[in-house]
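Trainee: Could you help me learn to read the helices and the surface of a protein model?

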Amino acid sequence: MTILIYIYLFALGAVLGSFYNVVALRVPAGESIVSPPSRCPRCGTRLKGRDLVPIASWLLSRGRCRHCEAPVSPLYPLGEAATGLLFVWAFATFGWSPATLVGLLLVSLCVIVTVSDLATMLIPNKVLLFFAPLLAAACLLLPDGIAWWSHLLGAAAGGGILLLIVIVSRGGMGLGDVKLFALLGFVVGLPCTVVALVAACLAGTLVGGALLAAGVVKRKQPVPFGPFLALGACFAYGYGAVLIDFYLSLFT
């Protein structure tokens, strides 16, 4: 039975992930997410049903448009696969609990901002404003084991720390990251916000260093930080409390 639930959640996540890709790429461009229907950006051919099957269509077409052979960004299948896997992760971690619903909303936000930031270097305000009341209602109305004041302190700490970094670095990080981490900090609460930030910085350092060593990016070239904040928040939401308890146990 559990395997069937995992399969269902992965399929649901992949389908929603396809829509999240549309949101992530169209909203920063100021385009409608419902019109026009999906088309090849190069030849303008409207995509048919067989072109829109999550993950499979990209693999079967070998990452190219069937009509003009233009390459299709791997962000599409990666966003779909990531959403499916993260939906499974949320249920596997929290089971039948309110925390799973919050987790599904959290990973949905994280996938959208990750794809958007990677593709456009922007974290759209409209996306944050859409998810903010949903996450606030889910966190405050559903029993998630986190006090309401912890959510508020998490938002203040998350936004405040990154705003300070923006001021000190004079533009080394965007205000979109500040607003995103304020919302993520609200979800995970304090002190897990600190875990999220440490995890994000560690992941950013490792990935950034690897890309630099491989010559994919150059020194002082801007690298989107939103994906790492999203990763850190998911990690903190799932394992932050356990990690903090383990750390404190070392001193008792």
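Mentor: Gladly; we will take a few helices and a surface patch in turn. Keep in mind that this is a predicted model.

Trainee: How many residues does α5 have, and what span is expected for it?

Mentor: A helix has an expected rise of 1.5 Å a residue. With 17 residues, α5 reaches 24 Å from its first C-alpha to its last, close to the 24 Å expected. Helix α6 can be read in that way too: it has 22 residues and should span 32 Å, which agrees with the 32 Å between its end C-alpha atoms.

Trainee: Where does a kink lie in α5?

Mentor: Look at Ala132, where α5 has a kink of about 25°. The proline Pro133 comes shortly after that residue.

Trainee: Now the sides of a helix. Why do residues three or four places apart point the same way?

Mentor: An α-helix has 3.6 residues a turn, so residues that are three or four places apart point the same way. Now look at the buried residues of α5: Val127, Leu128, Phe131, Leu135, Ala138 and Cys139. They pack against α1, α4, α6 and α7.

Trainee: And which residues of α6 are buried?

Mentor: Among them are Ser150, His151, Gly154, Ala155 and Gly158, and further along come Leu162 and Val166. The partners of the buried residues in α6 are α5, α7, α8 and α9. Just after this helix comes Arg170, with a positive phi near 55°.

Trainee: Is Leu152 in α6 buried, partly exposed or exposed?

Mentor: Buried means under 20% relative accessible area and exposed means over 50%. Leu152 lies in helix α6 and has a relative accessible area of 44%, so this leucine counts as partly exposed.

Trainee: Which residues form the nonpolar patch on the surface?

Mentor: The patch is formed by Leu140, Leu141, Trp148, Trp149, Leu152, Leu153, Leu190, Val194 and Val198, and together they have about 930 Å² of accessible area. Helices α5, α6 and α8 each give two or more residues to the patch. The most come from α6, which gives four.

Trainee: For contrast, what is the relative accessible area of Thr83?

Mentor: Thr83, in helix α3, has a value of 0%, so this threonine is buried. To see what surrounds a residue, set aside its neighbours within four places in sequence; for Thr83 the contacts are then Gly13, Gly17, Tyr20 and Val111.

Terms used. Residues are numbered from 1 along each chain as its sequence is written. This is a predicted model: local features need pLDDT of at least 70, side-chain atom pairs count only at pLDDT 80 or more; totals for chains, interfaces and linings use all residues. Side-chain values use heavy atoms; hydrogens and water are left out. Patches are made of residues with over 30% relative accessible area and no salt bridge: like charges are joined within 9 Å, nonpolar side chains (Val, Leu, Ile, Met, Phe, Trp, Tyr) within 5 Å. Accessible areas come from the Shrake-Rupley method with a 1.4 Å probe; for residues, only the protein chains shown count as cover. A salt bridge is a side-chain nitrogen of Lys or Arg within 4 Å of a carboxyl oxygen of Asp or Glu. Buried means under 20% relative accessible area, exposed over 50%, partly exposed in between (1.4 Å probe, protein chains only). The expected span of a helix is 1.5 Å times one less than its number of residues. The bend at a residue is the angle between axes fitted to the seven residues ending there and the seven starting there. Contact means heavy atoms within 4.5 Å.
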